[in-house]
Every structure is written in C-alpha cells, then in structure tokens.
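Student: Could we go through this model with some care, settling each term before we rely on it?

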Amino acid sequence: MCADFAPRCLSQSPRCGKVQAMHILVTNDDGIVAPGLQALAAALRELGEVTVLAPERNWSVSGHVKTLHRPLRVHATALADGSPALTTDGAPSDCVAMAFLGVVERSIDMVVSGINPHHNLGHDVTYSGTVTAAMEAAIWRIPGIAVSTEYDAEIGYAPAAELGLQLARQVAARGLPPYTVLNINVPAAPLEQIKGFKITRQGMRVYQDELVRREDPQGEPYFWIGGDPPSGIAENGTDIGVLAENWVSVTPLQLDLTSYSFMEKMREWELEVTRDSG
Ligand code: MN
C-alpha cells in the first residue's frame, strides 16, 4: 500500500517508491459482527493498512487461549461496512498467533484489540479476551493495545475509536518496551466531555458473582456463575478511579507477573527439600 503519510518507515515499496504505511492487525473478543470492531478498524485506517482477523463468535471473558486440540478454520468475509476481513473459529489470542504464524502474509507492526463494549479493569485483564489478544502480540514482541469502553447507544463507539487511534499513533512513533501492552479504557462520554489521558495502575475490581443452581428436565442440577456486574474501588491513580472522573485510563501492563516484593520476603522461608532418611 502506498501512502503519503508514513507514521513509521518500514520499507520502500518497490512498486511506487514511497514508504509503506504500517500494517495493523485488528481483532476483538466479541466476534466479527461486533460494531466496536468495525469502528476500531475504520479509525485505524488513518494510521496504516488494516487487516481484520477476528473470531466468529463471542469469546468475552475466555482468557488467554491457545487452541491445540482441534483444527482452526479461517474464512474470508466482510464487515458490515463492506471492508474485507478474516474470521476464524479460534479465540482472540489464536487470531493473533495465527496471523503471526502466516495466515496473514504481510508482516504486522501493531495489534489493536477491541473496541470491547465493557471496561476491562483491575483483575479483569486475565479474564479478558480483548486484553489477552494484545498480550499475545507482546509474546510475539509486537506492540499490542486493548481498547474498551462502556457502550452507550447515544455515544456509540466514535470517542473510543478516536482515542484508540490517538494512542496507537503514539505507540507507532515511540514503540513499547518488550512484553508490555497498553490497556486503554475510555469513559462512556462524548469526546468533548472527556478530560484527557491518565496513565494508571490496575485497580481493585469487586466481583459480585453468585452461584445460580437450576435443574435440567431430567432433574439433574446445573450451575451458572451469575450475579450483578462487577463494581470496583475508585482509588486515586487507578484505572477505576480515573474513569469515574471522565479520564481515559491507560494502563501499561507487563506479561511478567512475578511478585518481586514477595520474592524477597519469601527467601525467609528458607525452603529445603525434606528427604526420608533411610
Ligand atoms: Mn468482549
């Protein structure tokens, strides 16, 4: 693709002599027909060439998946706006892995996932298909961004798409450290009411899960994890805290989940293997 704008100079296109635009993989966890996916893909075309590879169905709250025990199919399709896309029966993180493994021919410079219709905050991040798709990109040493909002029919996805594009531009210009992703949460507010970007840490989600027990027609019990949607503690400097005040939350996450502070304390355990004395 030839383009006059060149957010990141990758290679000279032999055909036109101009620099090639960057190539962005867009995916989501809500499935190929989700309007948030189309809004994100359309916005990111301002920044580069976009390839969409997204799951056929909703994989929300399915975590970081690698499908190894069944084949994966990929089909060409089109989004509601007519733009071409690829879809698969794999998970969001499978989409990213398959793209890097060769399902998508052109090399990928950035992965952007979303726009999820619900925020991904605090402990949500390891449940989230949106965030784990971005984490999969980080495993491949490519910048990954997850974009979520709280969908409101009057506001739509335009503010989250625009702010996701603005962050993606920054990442294109500056890059991200290895094994780092950006988790972006946009308030459910019109663009003019959003105060700006705040760099945040993960806050505390409060899950309100309840076990719902039912019986099937044979009288056998089955269970749902039900209850109210999660709330959270709106602490200063956290994702939950800044969203409550109409800021965009940008949390840099790292794949290294090691608790370095506890590592130090845990040395006091002086762990030793106990062996039976013969
Ligand atoms: Mn979702």
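Tutor: A polar contact is a pair of N or O atoms within 3.5 Å, where within protein one must be able to donate a hydrogen and the other to accept it, and residues adjacent in sequence count only if both atoms are side-chain atoms. This is a predicted model, in which local features need pLDDT of at least 70 and side-chain atom pairs pLDDT 80 or more, while totals for chains, interfaces and linings use all residues. Residues are numbered from 1 along each chain as its sequence is written, and side-chain values use heavy atoms, leaving out hydrogens and water.

Student: Which residue caps the N-terminal end of helix 4?

Tutor: Helices (H or I, at least four residues) and strands (E, at least two) are DSSP runs, numbered from the N terminus. At the N-terminal end of helix 4, a side-chain oxygen lies 3.1 Å from the backbone nitrogen of Thr 130, and the capping residue that supplies this oxygen is Ser 128.

Student: Why is helix 4 described as largely enclosed by the rest of the structure?

Tutor: Buried means under 20% relative accessible area, with exposed over 50% and partly exposed in between (1.4 Å probe, protein chains only). The buried residues of helix 4 include Val 131, Met 135 and Glu 136. Helix 4 spans residues 129-139 and is largely enclosed because the buried residues number 10 of the 11.

Student: Which residue in strand 6 stands opposite Val 111?

Tutor: Two strands pair if DSSP finds at least two bridges between them. Strand 5 (residues 110-116) and strand 6 (residues 144-149) pair in the parallel sense over five bridges. Opposite Val 111, strand 6 places Gly 144.
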